[in-house]
Structures are given as C-alpha cells and as structure tokens.
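The exercises below are to be worked with the sequence and the 3D model open side by side. Each task is followed by a solution in steps.

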Amino acid sequence: MTSNLLIKAENVGIQFGGLKAVQNVNLYLNQGELVGLIGPNGAGKTTTFNMITGVYQPTFGTIAFDGKNLKGLKPYQVTKLGMSRTFQNIRLFKDLSVLDNVKVANHNIAKHSIISSILRLPSHFSGEAKMEQESIEFLKIFGLDVYKDELAKNLPYGMQRRLEIARALAAKPKLLLLDEPAAGMNPQETHDLMELIAFIRKEFNLTILLIEHDMHLVMGICERIYVLDHGQLIADGTPEEIRNNPKVIEAYLGEEVDD
Amino acid sequence: MKKSKAFWVFSVLALVIYAVVQGLISGGILDLYYQNILVQMCINIMLAVSLHIIIGITGQFSIGHAGFMAVGAYFSAIATMKLGLPLPVGLLLGAVVAALAGLLVGIPTLRLKGDYLAIATLGFAEIIRIIFLNVDYVGGAAGMVVMNMTTWTYAFAGVVITIIVISNFTKSRHGRGAISIREDEIAADAMGINTTYYKVVAFTIGSLFAGLAGAIYAHNFFIIQPTTFNFLKSFDILIYVVLGGLGSLSGSVIAAIFLTVVSAYLANFPETRMIIYSLVLILVMLYRPTGLMGTKEITSLFKFGKKGGTKI
C-alpha cells in the first residue's frame with residue numbers, strides 16, 4: 001500500500017469475556033476514499049467503529065491512523081488527531097441549542113483558558129466569537145442555520161441526523177465515520193443525504209467510512225465495500241464485485257438450495 | 001469591552017440589594033436576628049450554586065458537599081483563631097484548601113458514574129467529618145470556638161463572586177464542554193471533550209466555593225462542630241439544587257432563598273417544623289417535578305434569551 005494510507009487496521013479483534021465479537025479484521029483506507037462497511041445485524045460493524053474511534057481498546061491487532069498507533073488513546077484524543085463520527089442511535093446534546101451542539105465539537109479551535117473565561121479577558125471574547133462564526137458556517141452548509149436557537153431535541157428526525165453530521169464535521173476531521181446515517185429516513189431524505197455526503201466529501205476533502213443497511217445508498221456512493229459477518233471480514237471489493245460475491249449473498253440471504 | 005445586558009442588570013441589581021440592606025442595617029431597622037438570617041441565606045446560596053456547577057452543569061451526582069464546607073470552615077477557623085491571621089486571609093485559605101480537597105477526592109471518584117459516584121462522595125464527606133471529630137487540635141466533638149467576624153458585606157461579596165465565577169464558567173467553551181458531559185458523555189468524548197478533565201475542574205470549582213461558604217459560616221456562629229457537617233447538611237444543599245431545577249443557576253439561588261425563609265419562619269413552630277418543611281418540598285416536587293425553574297434561567301423569562309433552554 002502507498003503512503004497515503006489513512007487507516008491501517010491489521011488483525012484487529014476484540015473479546016468480551018469469552019465472546020470474540022470481532023476477529024482478524026484487516027481494514028485499509030486511503031486518503032480521499034469513500035468506503036462502505038456492511039453486514040447483517042450483529043456482524044460487528046459498530047464494534048469495529050468503536051475500536052477505531054477509541055471507545056473500545058482492541059484485544060488483538062493494531063490500528064494506525066495517519067501513521068500513528070491508536071493504542072491506549074481515549075476517544076477525545078483520537079478525535080483531536082482528526083477523526084470524528086456519528087452514532088447509530090442519534091446522540092445529540094438534546095437540551096442544548098442547535099448552535100451549541102456544533103460549538104461543543106468546535107471546542108478545540110479556540111484556545112482561551114478557564115481563567116480567561118472566568119475573568120472575561122479579551123481572549124475569551126475573541127475565542128468565543130471565532131467559535132460562533134465557524135459554527136454558523138457549518139450550520140449554513142446543512143441548512144440548519146434557521147434553527148440555530150432551537151433545542152436539538154425539538155428538531156424533526158431527519159434534521160437531527162443532519163445536525164449530527166454537521167457536529168461531527170465541526171470537529172475538523174480528516175476521516176469521518178458515519179454509523180447508519182440513513183437509518184429511519186424515507187427514500188427522498190436518503191437521496192438528499194447521498195448528495196450531501198458527496199458534497200461534504202469534496203468540500204472538506206474527507207475520507208469517509210460508512211456503515212449502512214440501505215444497499216441502494218451503499219452501492220450508489222461507495223468506491224469500495226468491506227463485508228463483515230459473525231465478526232469476520234468475508235469480502236472486500238468494488239460494489240460490483242460485492243454484489244456478485246457468493247459469500248456475501250449467502251450471509252445476507254442464506255445458502256442456496258438446489259431444487 | 002463587550003458586556004452583555006444581563007451582566008449590567010446583574011451588577012446594578014447586586015449593588016441595589018447591597019445598598020438597601022446595608023442602609024437598613026446601619027439605620028438599625030434590621031436587628032441581629034434578621035441580619036443573621038440574611039447571612040445564613042447568603043451562605044446557603046453559595047452552597048447551592050457551588051453544587052449546581054457539579055450536579056446541574058456537569059451532571060455528576062455528588063452528595064458529599066458538606067464535607068468540603070467543613071474543610072473550608074475548619075481551615076479558615078484555624079487560620080484566624082490559631083494563627084491569628086486576618087479574616088479575608090482565613091476565608092481565602094479555607095476556600096483554597098477545600099478546592100485542594102475537592103481535587104484529591106475528585107480525581108479517583110469521578111471515574112464512577114451515577115449511584116456509585118453518589119455513594120463514594122458521601123463516603124468521602126463522612127471521612128472528612130470524622131477526621132475533624134478525632135483531631136484534638138480543632139476541639140474534637142466539642143467543636144472549636146470561633147469569633148463572630150462575618151458581616152453582611154463579607155457574605156454578600158461571597159455570593160456575588162460565586163455567581164459571577166460560576167456563571168462565567170458556564171457561558172464559555174469550558175462550560176459547554178461540561179454541559180455536553182451532562183447531556184451525553186460518550187458523544188462529548190467523541191467530539192473531542194476531555195471529559196475527565198472537565199469533571200475534575202467542575203468538582204474543584206464547586207469545592208472551592210463550598211469551602212468559602214463554610215469559612216463564612218464558621219465565623220458567624222461562635223462555634224463549629226463536626227456534627228454540623230454531617231450528611232443531612234449535604235442533603236439540604238442537594239435539595240436547593242433539585243428544587244431550583246437541575247441546570248438552572250437562578251433556580252438554585254431562588255430555592256436557597258425560599259427554603260432559608262421557610263425554615264427561618266418555621267423556627268417559631270419547633271414541633272411541626274420538619275413536617276411542614278417536608279410538605280413544602282413534596283408539594284413543589286408534585287407540581288413542578290423539574291424544579292422551580294426547570295433548566296431555564298431567570299434571564300430567559302425576560303428579553304435576554306429568545307427561546308429558553310439552557311442558555312449558554
């Protein structure tokens with residue numbers, strides 16, 4: 001593989017007690033790629049996400065991000081390296097306004113200290129103004145700026161999904177991990193989401209790893225796809241290859257029976 | 001420098017309240033009994049607001065707040081009575097030592113969540129109390145005699161400083177980080193917030209002002225005894241915060257004022273005092289289960305905040 005390898009996960013596995021939830025996963029992401037991660041329910045997709053983002057420490061194997069080993073890093077440290085994510089079940093800060101949700105992710109762009117905030121020194125005001133301005137820019141991209149003072153929990157479902165992506169982007173990632181972004185969306189919303197993902201990818205020069213059950217979306221936008229089943233990688237390749245891979249068909253539909 | 005409208009309203013309000021009360025005291029209209037209630041009220045407000053930053057803002061359920069109050073009370077009393085230092089130095093010392101105690105207790109316990117954290121903080125508060133109970137230097141169970149040096153001015157200044165510091169902390173990127181932990185710790189972590197750091201910071205700031213309140217308290221009652229700082233005192237403080245509405249600074253201030261007045265009034269009926277006090281609490285929680293203010297601030301009732309919610 002070349003030097004623009006962003007994620008290099010080798011022989012990664014995790015064990016919960018006696019259960020090997022994920023094992024021997026080798027996953028490579030090149031700079032600028034849009035890669036899908038699919039598999040039946042319980043295959044270990046979200047667990048793999050959690051290992052990459054530092055929520056779980058893998059029991060076996062190593063994960064490197066942009067050449068740095070992620071072993072022992074906490075999620076917030078991984079985020080600072082340039083990786084950010086959305087969640088399968090929306091995890092917005094419900095009682096904060098839409099704007100403040102994005103500002104939380106913008107936390108690290110301003111550097112003013114606690115003392116400067118308490119004493120309201122000039123660095124507090126310039127830092128907060130910078131955060132406010134940048135956060136509104138992100139909201140505008142997602143068409144959420146009109147709702148900026150609304151509480152996050154009062155947004156309609158589709159908007160909450162969009163806000164979660166906006167928030168993840170505000171953390172300035174090189175790699176964006178989307179965990180089922182289209183879950184619960186109708187076909188029109190899914191279509192809009194596909195366009196949005198394509199747009200932010202170009203705009204922010206992102207590498208994206210995507211978990212999704214909506215095959216139309218995955219096959220439509222991903223360049224490469226990894227398939228997990230029972231905690232193991234069973235296939236990887238272009239959407240066309242995956243579609244015709246007998247192992248994948250078996251995992252999703254069961255074994256073929258001769259009449 | 002830009003100051004918000006709310007800041008000016010707060011400053012003017014604070015000056016007016018101070019001037020009016022000070023005028024009434026100098027004019028001899030408020031006798032010692034009422035002055036004492038006012039100082040008590042100020043102490044309770046400081047305790048409520050200092051617990052608010054831990055429970056209401058950061059969402060860490062600590063019920064050992066009286067322990068840090070005790071540290072502030074005893075160390076300030078040692079400074080003024082044993083070492084002969086002036087009162088302001090004693091107050092500062094009490095607050096700083098309480099903050100250090102908060103830091104030491106916070107680092108190991110804040111890894112815990114929910115009920116476990118509550119039990120651990122309760123345990124630490126009891127340990128602190130029992131240490132004072134067994135040290136003869138501070139009088140042991142008999143308590144320590146402290147001169148009455150607190151005035152309305154000290155108590156009120158303490159309240160103003162507490163509110164300004166905690167409100168400024170809350171309305172900054174640091175406060176937002178702390179609130180995001182309350183809202184969803186996993187998401188906060190994933191967004192780059194160092195959750196452990198902010199939990200410990202909030203806990204230390206809370207302990208600092210609990211210590212300051214304890215220091216003012218110590219110099220108001222002629223004597224301090226370890227039994228004053230038992231877990232019932234911690235629950236009293238917790239009640240202010242919950243009754244005012246978790247997440248609302250102005251709510252905890254209002255609740256502290258309200259309950260101080262109720263409990264002072266009920267002192268006239270010692271037999272039924274606790275029954276009526278409990279009934280008041282039950283009624284408020286029945287009709288306002290989210291507390292008096294919910295998560296709203298009093299400023300959002302006027303023009304400052306447009307939509308309400310936790311205003312940052």
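**Exercise 1. Chain B overall**

Task: Write down the order of helices and strands along chain B of this predicted model, then judge the chain against the globule rule.

Solution.
Step 1. From the N terminus on, chain B reads α-α-α-α-α-β-α-α-α-α-β-α-α-α.
Step 2. Counted by type, this is 12 helices and two strands.
Step 3. For 312 residues the globule rule gives 20 Å, and chain B has a radius of gyration of 19 Å, so chain B is as compact as a globular protein of that length.
Step 4. The C-alpha trace spans about 50 × 45 × 45 Å along the principal axes.
Step 5. Of the 312 residues, 50% are buried. Among contacts between residues at least 6 apart in sequence, 78% join residues at least 24 apart.

**Exercise 2. A helix in chain B**

Task: Compare the span of helix α6(B) with the expected value, and find what its buried residues pack against.

Solution.
Step 1. Helix α6 of chain B covers residues 152–170, which is 19 residues.
Step 2. From first to last C-alpha the helix reaches 27 Å, close to the 27 Å expected at 1.5 Å a residue.
Step 3. A residue is buried if 20 or more other C-beta atoms lie within 10 Å of its own. The buried residues of α6(B) include Tyr154(B), Phe156(B), Val159(B), Ile163(B) and Ile166(B).
Step 4. The packing partners of the buried residues are α1 (5–26), α2 (32–57), α7 (173–183), α9 (195–218) and α11 (249–266), again of chain B.

**Exercise 3. The contact between the chains**

Task: State how many residues each chain brings to the contact, and describe the side that belongs to chain B.

Solution.
Step 1. Chain B brings 30 residues and chain A brings 36 residues.
Step 2. On the chain B side, α6, α7, α8 (185–190) and α9 each supply at least two residues.
Step 3. The most comes from α7(B), with seven residues.
Step 4. By type, the chain B side divides into 11 nonpolar, 11 polar and eight charged residues.

**Exercise 4. Chain A overall**

Task: Give the same kind of summary for chain A, using its elements, its radius of gyration and its burial.

Solution.
Step 1. Chain A holds 10 helices and 10 strands.
Step 2. A compact globule of 259 residues would have a radius of gyration near 18 Å; chain A has 20 Å, which agrees.
Step 3. Its C-alpha atoms fill a box of roughly 75 × 40 × 35 Å along the principal axes.
Step 4. Buried residues are 41% of the 259. Among contacts between residues at least 6 apart in sequence, 65% join residues at least 24 apart.

**Exercise 5. The six-stranded sheet**

Task: Trace the open sheet of chain A from edge to edge and explain why its outer strands have a free side.

Solution.
Step 1. The strand order is β6-β7-β8-β3-β9-β10, with mixed pairing.
Step 2. The edge strands β6 (83–85) and β10 (232–237) of chain A each have a single partner, so one side of each lacks a neighbour in the sheet.
Step 3. From one strand to the next the twist averages 20 degrees.
Step 4. At one edge, β6(A) runs parallel to β7 (residues 175–179) of chain A, joined by three bridges; Ser84(A) has Leu176(A) as its bridge partner.
Step 5. At the other edge, β9(A) and β10(A) are antiparallel over five bridges, and Val227(A) stands opposite Ala235(A).
Step 6. These two strands form a hairpin with two residues between them, where His230(A) has a positive phi of about 45 degrees.
Step 7. Helix α10 (residues 246–253) of chain A lies across β9 (224–229) and β10, at about 130 degrees to β10(A).

**Exercise 6. Positive phi in chain A**

Task: Locate Gly17(A), Asn11(A) and Arg120(A), and give the phi of each residue.

Solution.
Step 1. Strands β1 (residues 5–16) and β2 (residues 19–30) of chain A pair antiparallel over eight bridges, with Ala9(A) partnered by Leu27(A).
Step 2. In their hairpin, which has two residues between the strands, Gly17(A) takes a positive phi near 60 degrees.
Step 3. Asn11(A) lies within β1(A). Its phi is near 50 degrees, a positive value in a residue other than glycine. Asn11(A) counts as exposed because it has 12 C-beta neighbours inside 10 Å.
Step 4. Arg120(A) sits in the loop between α4 (114–118) and α5 (122–141) of chain A. Its phi is also positive, near 50 degrees. With 18 other C-beta atoms within 10 Å, Arg120(A) is partly exposed.

Conventions. Residues are numbered from 1 along each chain as its sequence is written. Chains are lettered from A and ligands numbered from 1 in the order in which they are written. This is a predicted model: local features need pLDDT of at least 70, side-chain atom pairs count only at pLDDT 80 or more; totals for chains, interfaces and linings use all residues. Two strands pair if DSSP finds at least two bridges between them. Helices (H or I, at least four residues) and strands (E, at least two) are DSSP runs, numbered from the N terminus. Axes are lines fitted to C-alpha atoms, for helices over the stretch in contact, and angles run from 0 to 180 degrees between N-to-C directions. Two residues are in contact if their C-beta atoms, placed from the backbone, lie within 7 Å. The expected span of a helix is 1.5 Å times one less than its number of residues. The radius of gyration is taken over C-alpha atoms; the globule rule is 2.2 Å times the number of residues to the power 0.38. Ala, Val, Leu, Ile, Met, Phe, Trp, Tyr, Cys and Pro count as nonpolar, Asp, Glu, Lys and Arg as charged, and the others, Gly among them, as polar.
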